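Okay, thanks for coming, everyone. I'll take you through one structure today, sheets to start with and then the ligand. Let me put it up on the screen.

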Amino acid sequence: MTAPPSAAGAASSVSAASPDSSRSSPGSALAELVDITKTFGALVANDAISLSVLPGEVHALLGENGAGKSTLTRILYGLSQPDSGEIRVDGRVKRISSPADAMEAGIGMVTQEFSLVDTMTVTENLMLAGVGLGRINRAAARAKVLAAAERIGVSIDPDAIVEDLSVGQRQRVEIVKALFHDCRVLILDEPTAVLVPQDVEQLFDSIGRLTSAGMGVIFISHKLHEVTRIADRISILRRGRIVASRPAAGLEPRDIAALMVGAESVAAPVASAENETLADALATSIGLDPADLDGPSVSVGGSALPSAAIRDRSRATRATSPISEATALQITDVTLGNDGSRVLDAVTLSVRRGEILGIAGVSGNGQTELVNVLCGTLTADRGSVMVDQTEISGLDPAARIRAGFGRLTEDRKGSVIPGLSVGQNLVLEDLDRFRIGPFLNRGAVREHVQKLIERFDIRAQPGDPIRSLSGGNMQKVLLARAISRGPKALVASQPTRGLDIGACEYVYSQLRALRDEGAGVLLISEDLDELLGICDRIAVIFSGRIIGELPAADATPEALGLLMTGHDTGAADDSDAAVNA
Amino acid sequence: MDFPVFAVLAAMLTIATPLVWAALGAVINERAGIMNLGIEGTMYAGAFCGFFAAATSGSAWFGLGAAVVAGVVAGALMALLTVTLGVNQHVAGIGITLLLVAACDFANRLLFSSGSQTITAKFDRLFAGGGIFSQYPLTYVAFLVLAPALWWVLRSSGFGLRLRAVGENPEAADAAGIPVARTRYAALILGGAMMAIGGSFLTLSLLGTFTIDIVSGRGWICIALVIFGRWKVWPVVGGALLFAVTDALQLQLAITSLFSGVPNELMIAFPYLVVIAALAIWGRGVRYPGSYLKPYRRA
Ligand SMILES: Nc1ncnc2c1ncn2[C@@H]1O[C@H](COP(=O)(O)OP(=O)(O)OP(=O)(O)O)[C@@H](O)[C@H]1O
Ligand SMILES: [Mg+2]
């Protein structure tokens with residue numbers, strides 16, 4: 001079937017001849033994708049999609065994980081070739097068979113997965129695009145990096161080796177990289193997924209400046225409140241097709257969410273109704289008016305529907321089972337680095353059974369290192385880590401897993417073996433369970449994998465190579481792997497980065513279920529909405545130190561924001577003491 | 001005992017020359033992400049083609065040109081197999097070595113059936129009688145031109161940057177608009193030419209003739225040297241000198257009465273054992289180029 005639903009058909013051609021377009025120079029799209037189809041085997045990732053960007057416009061692309069957003073934009077940037085369809089730049093058909101062609105045509109892109117050379121410096125990475133064969137002018141490039149960074153308001157050390165940077169810092173380099181070269185169309189594939197609120201503001205500022213200079217931006221995000229703020233036009237993809245394409249003016253996150261899920265989704269309201277009842281019951285039982293719980297959450301970070309909804313629901317289910325006094329994960333005095341530059345400074349945290357403890361903080365303040373120390377891939381200079389009374393700090397990663405430690409690390413790609421299949425990755429950590437002597441019991445593996453794929457709703461076949469999965473599906477695989485073995489303590493670092501609303505909710509529900517079964521969860525995140533929504537307590541890390549800890553019920557984004565920037569407030573100390581008392 | 005230190009040092013520079021040429025060629029290949037096990041065969045082809053062209057034309061320079069052509073062809077063949085066709089690099093490289101060695105031996109038998117007694121035009125040492133400075137032109141070029149130039153290219157030129165990007169993270173290089181396949185072709189062709197020049201040094205400079213098994217594993221030594229030197233120009237040159245000095249010592253000691261009881265084969269094996277020991281000690285925990293051995297295909 002080739003003809004898209006009529007509404008979508010009309011909507012997707014809106015770009016070329018939209019009568020209600022209020023722009024001064026309509027009709028002359030900077031770049032257009034026309035009838036693009038791309039298949040991977042039997043899977044139709046893009047089904048006759050047409051899309052365009054006008055000068056000065058931010059065109060937001062939305063859709064669930066695996067809808068085909070990245071595939072479409074990668075085609076425009078020449079990273080992937082369509083099966084059929086054409087690309088037009090300034091109205092003329094243009095063959096874009098490589099990123100070099102794309103850059104020459106004035107198209108730049110920040111890809112969803114980082115594409116930086118880890119062993120090179122920031123400057124060298126930025127020089128790569130358009131570098132000739134002869135002498136390179138490092139000093140000039142370095143100055144240009146600093147200028148470009150300043151122009152968009154981020155600070156970057158041009159001489160840092162990329163592999164020494166945190167994930168958040170790398171993302172900033174990516175964004176600077178795209179702006180480093182003059183382009184008229186900029187594609188941003190989930191650029192804000194790793195940014196803290198302040199940096200998102202800065203990014204939006206820079207996008208505003210770029211569009212007012214006539215540039216067109218394609219902006220992919222799962223965060224609806226971002227999209228409604230910044231987009232001029234919104235297109236929604238579902239299963240490889242454009243199902244709606246509208247001017248953004250007047251659209252509320254609520255409306256977009258409705259367009260995204262379409263008519264067929266009825267499960268969500270039921271679930272939330274259920275939770276609301278639960279919420280009321282709970283609130284009454286602890287002597288609170290439910291309205292108080294819901295009140296402040298709505299205004300967080302200027303967001304409206306989705307995250308607030310998640311918060312409401314997760315708040316509602318908080319602490320259904322009483323938090324026990326027994327600790328699931330005890331981190332004591334973990335220190336890394338020497339006196340002058342401590343990466344982790346006497347970090348002490350305890351996660352009790354049946355509790356979710358959040359760690360808030362701007363990325364690069366020691367979170368990555370803490371997770372690595374917990375996982376056993378980095379050795380701390382001092383300190384102990386106990387899982388349910390078992391000291392694990394001397395153990396290797398596999399022994400830690402056996403001791404009941406589970407993890408979801410922020411680097412998804414680094415947590416899977418890209419060349420193996422979905423099924424193989426799923427059982428990688430518990431091969432012992434499927435052994436018959438030295439052999440693998442393939443039947444049992446297949447059965448187990450099939451069960452996990454169903455239970456965790458992974459949209460893939462057991463035999464698919466894991467590297468072909470979309471971010472959301474890959475995260476589901478990791479989640480399935482970590483949770484299915486029933487860990488006593490789970491460390492989840494940025495578990496919802498890059499996931500669509502549905503997938504986020506899914507992750508939350510899994511984490512909550514794990515907590516309700518009596519496990520302790522340590523959730524490291526930069527998303528305050530997420531932390532406030534799901535955690536029982538929130539600690540804040542700054543410069544490798546835990547500088548405050550609040551019960552989530554008392555925490556406000558403002559208080560956390562202050563702590564995250566290093567302001568050790570008295571209030572925080574008080575509540576800290578209150579918690580420990 | 002009066003030990004001939006300067007003779008050993010002079011011999012060291014001469015012995016190291018073909019290793020420096022070939023190992024630096026391998027550095028270029030591997031920095032681009034390709035391990036070229038065709039190195040042994042490429043050196044052999046350079047040695048034979050250089051000899052053949054010099055013998056028929058009477059000009060050593062003509063021989064050198066022929067060696068370069070042989071190296072370019074061998075490098076292009078390796079590129080065709082591994083870059084374009086995505087063949088496993090071990091298989092392609094060993095295949096090329098087997099092919100080239102057999103082809104050269106066969107041609108040698110056909111063309112010089114009388115044996116390997118033909119003496120050709122060859123390069124002479126510069127500064128004859130100048131002690132340690134009395135070396136062949138290619139030795140001077142290797143240490144004074146090639147190594148510094150390559151060091152500069154890898155560090156400070158756009159080509160070097162492209163090469164490293166392609167070898168570390170071809171996806172990122174591709175996204176930056178660098179033609180991955182073309183860069184790898186260039187690396188293999190350039191590296192192949194250097195390997196062949198290294199091989200031709202044996203026939204056109206040292207011996208003036210071609211003998212069966214003339215390269216005798218120098219290519220494999222180079223592969224080890226590159227890992228030992230961690231893909232960096234000067235450490236690789238240092239490794240070549242280390243191998244060469246043990247070889248020179250071994251040659252020197254073999255003629256002193258002190259070692260007359262030691263089997264000659266053991267003496268000859270000595271430098272190879274040193275390289276293995278050096279690799280065992282310093283070759284651990286090395287960090288290979290990010291896309292080492294991996295073919296690149298765009299999704
Ligand atoms: N190289 C590939 N081989 C096979 N399938 C692929 C490949 N790349 C993408 N796919 C599939 O195509 C579909 C669309 O993927 P795409 O990455 O475009 O999704 P997306 O909309 O960007 O999702 P997300 O929001 O998670 O980033 C997915 O089902 C994915 O598994
Ligand atoms: Mg994507």
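So, which order do the strands take in the open sheet of 6 strands in chain A? Reading across, you go β16-β19-β20-β13-β21-β22, and the pairing is mixed. Before I go on, please keep in mind that this is a predicted model.

At the edges of that sheet you find β16, residues 405–408, and β22, residues 545–551, both in chain A, and each of them pairs on one side only. On average, neighbouring strands here are turned by 20 degrees against each other, if you ignore direction.

Let's zoom in on one pair. Strand β19 of chain A, residues 489–493, and strand β20 of chain A, residues 520–525, run parallel and are joined over 5 bridges. If you want a spot to look at, find Ser493(A): opposite it, in β20(A), stands Ile524(A). Then there's a helix, α18(A), that packs on this sheet and touches β16 and β19 of chain A. The direction of α18(A) makes about 175 degrees with that of β16(A). Hang on to that helix, please.

Now for the other sheet I wanted to show. This open sheet has 4 strands in chain A, in the order β2-β1-β4-β5, and here the pairing is antiparallel. The edge positions belong to β2 (43–53) and β5 (92–94) of chain A; each has a single partner strand, so one side of each is left without a neighbour in the sheet. Neighbouring strands in this sheet are turned by 30 degrees against each other on average, again with direction ignored.

In the middle of the order, strand β1 of chain A (residues 31–40) pairs with strand β4 of chain A (residues 84–89) in the antiparallel sense, over 5 bridges. One of the bridge partners there is easy to pick out: Glu32(A) is matched with Arg88(A) in β4(A). And this sheet has a helix on it too. Helix α3 of chain A, residues 69–76, packs on it and touches β1, β2 and β4 of chain A, with a direction about 120 degrees from that of β1(A).

Moving along to the edge, β4(A) and β5(A) run antiparallel and are joined by 3 bridges. Ile87(A) stands opposite Lys94(A) in β5(A). The hairpin they make has 2 residues between the strands, and Asp90(A) takes a positive phi there, near 50 degrees.

Okay, the ligand. How many residues surround ligand 1? There are 20, and the closest are Asn65(A), Gly66(A), Ser70(A), Thr71(A) and Ser468(A). Why do I call this site shared? Residues from chains A and B surround ligand 1, so the site is shared between chains.

What about the polar side-chain atoms? In each case the partner is an oxygen atom of ligand 1: an N or O atom in the side chain of Thr71(A) is 2.6 Å away, for Ser70(A) the distance is 2.7 Å, and for Glu190(A) we have 3.4 Å. Overall, the protein covers 82% of the 640 Å² of accessible area that ligand 1 has on its own.

And here those helices come back. The elements giving two or more residues to the shell around ligand 1 are β2, α3 and α18 (471–483) of chain A. The largest share, 3 residues, comes from α3(A). By residue type, the shell splits into 6 nonpolar, 11 polar and 3 charged.

That's it from me, thanks.

Methods. Residues numbered from 1 in each chain as written. Chains lettered and ligands numbered in written order. Predicted model: local features only at pLDDT ≥ 70, side-chain atom pairs only at ≥ 80, totals over all residues. Heavy atoms only, no water. Pairing = 2+ DSSP bridges. Axes fitted to C-alpha atoms, helices over the stretch in contact; angles between N-to-C directions. Contact = heavy atoms within 4.5 Å. Near = heavy atom within 4 Å. Polar contact = N/O pair within 3.5 Å; in protein donor to acceptor, adjacent residues only side chain to side chain. Areas by Shrake-Rupley, 256 points an atom, 1.4 Å probe, with all protein chains shown as cover. Nonpolar A, V, L, I, M, F, W, Y, C, P; charged D, E, K, R; others polar.
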